[in-house]
Amino acid sequence: MNKTISVVIFALIAIVSVTLAATPDQWGSRTIYQLLTDRFSQTVNNSQPCGNLQGYCGGTFQGVEAHLDYIQGMGFDAIWISPVVTNTPGGYHGYWQQDIYTVNEYFGTENDLLNMIKACHERGIWVMLDVVANHVGPVNYDYSSIVPFDSDEHYHNCTTCPQYCTIDDFTNYPQVEECRLSGLPDLDQDNQFVRSTLQAWIKNMTEFYSFDGIRIDTVPEVKVDFWREYNDAAGVYAVGEVYNGNLTYVASFQGPVDGVLSYPMFFTLRSVFAQQQSMNQIQSTFQSYQQLFSNISLLGTFIDNHDQVRFLNEQTDIELYKNAITYVLMAQGIPIIYYGTEQGFNGASDPNNREPLWTTSFNTASPLYQFIKTINSFRANITDDLTMVQVQRYSDNTFYAFTRGNAFVALTNGGSNQVQTSRTITYHPYLEGTTLCNIFYPTEDCIKVAGGSFTVYLDYGESKIYYPMN
């Protein structure tokens, strides 16, 4: 089939289609597996590493479809895929768009994409599309190859920008909105053609392909009034990238979009678990979240992604990583696990944190795969508890505990060399005599509430999740 996405078909669909999109609140119960389409699975895998991580490595939509068992086996019920449109040369990641009306031929055809999404939906897996509305691929000032934004008037003119038009001060918000990120031509959303085209495009994409949600790239680089219209046009849950640790600043973007990636908590979790700084930082950050965000449950919580050095490159202790993963999967928010986490990938900065997964032969017996599977299986059985807010139960420098409903989560940043640490919990929701069992060892590790309290023991840096025994 011709890969061109027909504008005429889009227009017809916009009229007759009935979008059965999930609501933002329904996304709150999902667990997302983030994958780079080019790096997840080839159509026919050869188990060989990629010779050039800065170019295409061969992953496809068909490859994703062929390994949905692998994703679902870990308990994930949503995936986040790379941008799907045609990119300028070298745009394996999808963020260098060239033609927004055609599908990236390196990933497959329009039919391949439709079939992959259909296969996901048949399994109850939702699909989140990564999208870009801020910039196009690196073509300098020759826009003739960009479809449909092929004119100077479609871009900011750089008259108020630093040398080379590139952002050099991310605290200068007019500069962030009007100048180039890493030299990429910056679309002018105040131009009516650009604005209306981008809004029509996202509406047509979600309706034609039946995407369930979108992840929006580089949200601060565009004026917020545009995002309100864009999110509405999409008609699905949208989570935006606001790559910043300033809580007040990041929180200001929830409203223009449904949710944002939880970067302030990401930085906190890296400090606490990778650098073993005080766990009281979680308390401080989460209290600020409660004050500043309108809905914590719609934020995307993560410990790794394609823009960050992998956790295990910064800290090699697997127990510390497990504690961070436990927090991500059990805390209030929408958990996002980056592909390769389950195989212990430890890549450094981009592109080394974008390793091909097929070199692992999709090993489902790896310890972290099984660890994530255990927590996700538990999550699937406590859906009512996961609608409850996160309540802190204990915090000090090396121990942190919270509940979601009846689930009690105990974490430490002591690492695997910490033989044992224990805390007596007096602030909790359980009745006297309640028996709580650890989901990782449900028949061997149970404790009872006695005298209004119970004691949690963590051995060799482990994390635990307790739940009342039936």
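This passage describes two sheets, the helices that pack on them and one loop residue in a predicted model.

The eight-stranded sheet is open, and its strands follow the order β8-β7-β6-β5-β2-β1-β10-β9 with parallel pairing. Its edges are formed by β8 (259–260) and β9 (300–301), each of which pairs on one side only. Within this sheet, strand β6 (residues 213–216) runs parallel to strand β7 (residues 237–240), and four bridges join the two. One residue pair illustrates the register: Ile214 has Ala238 in β7 as its bridge partner. Helix α9 (residues 224–234) lies across β5 (126–131), β6 and β7, and its direction is at about 155 degrees to that of β6.

Strand β10 (334–338) of the parallel sheet is followed by a loop that leads to helix α15 (367–381), and Gln343 lies in this loop. The relative accessibility of Gln343 is 18%, and the residue therefore counts as buried, the cut-off being under 20%. Apart from neighbours within four places in sequence, the contacts of Gln343 are Tyr70, Leu357, Thr360, Phe362, Asn363 and Ser366.

The second sheet is also open, but it comprises six strands with antiparallel pairing, in the order β11-β12-β13-β18-β15-β16. Here the edge strands are β11 (390–395) and β16 (446–448), each pairing on one side only. From one strand to the next, the twist averages 25 degrees.

Strand β18 (residues 464–468) pairs with β15 (residues 435–438) in the antiparallel sense through three bridges. In this pairing, Cys437 has Tyr467 of β18 as its bridge partner. Strand β18 also pairs with β13, again in the antiparallel sense and over three bridges; in this case Val409 stands opposite Ile465 of β18. Four of the five residues of β18 are buried, so the strand is largely enclosed by the rest of the structure.

Two helices are associated with the antiparallel sheet. Helix α12 (residues 280–292) lies across β11 and β12 (399–404) and runs at about 155 degrees to β11. Helix α14 (residues 318–330) packs on the sheet and touches β11, β12, β13 (407–412) and β18, with its direction making about 150 degrees with that of β13.

The geometry and surroundings of α14 were examined further. At 1.5 Å a residue, its 13 residues should span 18 Å, and the end C-alpha atoms are 18 Å apart, which agrees with that expectation. At the start of the helix, a side-chain oxygen of Asp317 comes to within 2.9 Å of the backbone nitrogen of Glu319. Helix α14 is mostly covered, with 12 of its 13 residues buried. The buried residues include the charged-type names Glu319 and Lys322 alongside Leu320, Ala324, Ile325, Val328, Leu329 and Met330. Tyr321, Asn323, Thr326 and Tyr327 of α14 are likewise buried.

Technical notes
Residues numbered from 1 in each chain as written. Predicted model: local features only at pLDDT ≥ 70, side-chain atom pairs only at ≥ 80, totals over all residues. Heavy atoms only, no water. Pairing = 2+ DSSP bridges. Axes fitted to C-alpha atoms, helices over the stretch in contact; angles between N-to-C directions. Contact = heavy atoms within 4.5 Å. Expected span 1.5 Å × (residues − 1). Buried < 20%, exposed > 50% of the residue type's maximum accessible area, 1.4 Å probe, protein only. Polar contact = N/O pair within 3.5 Å; in protein donor to acceptor, adjacent residues only side chain to side chain.
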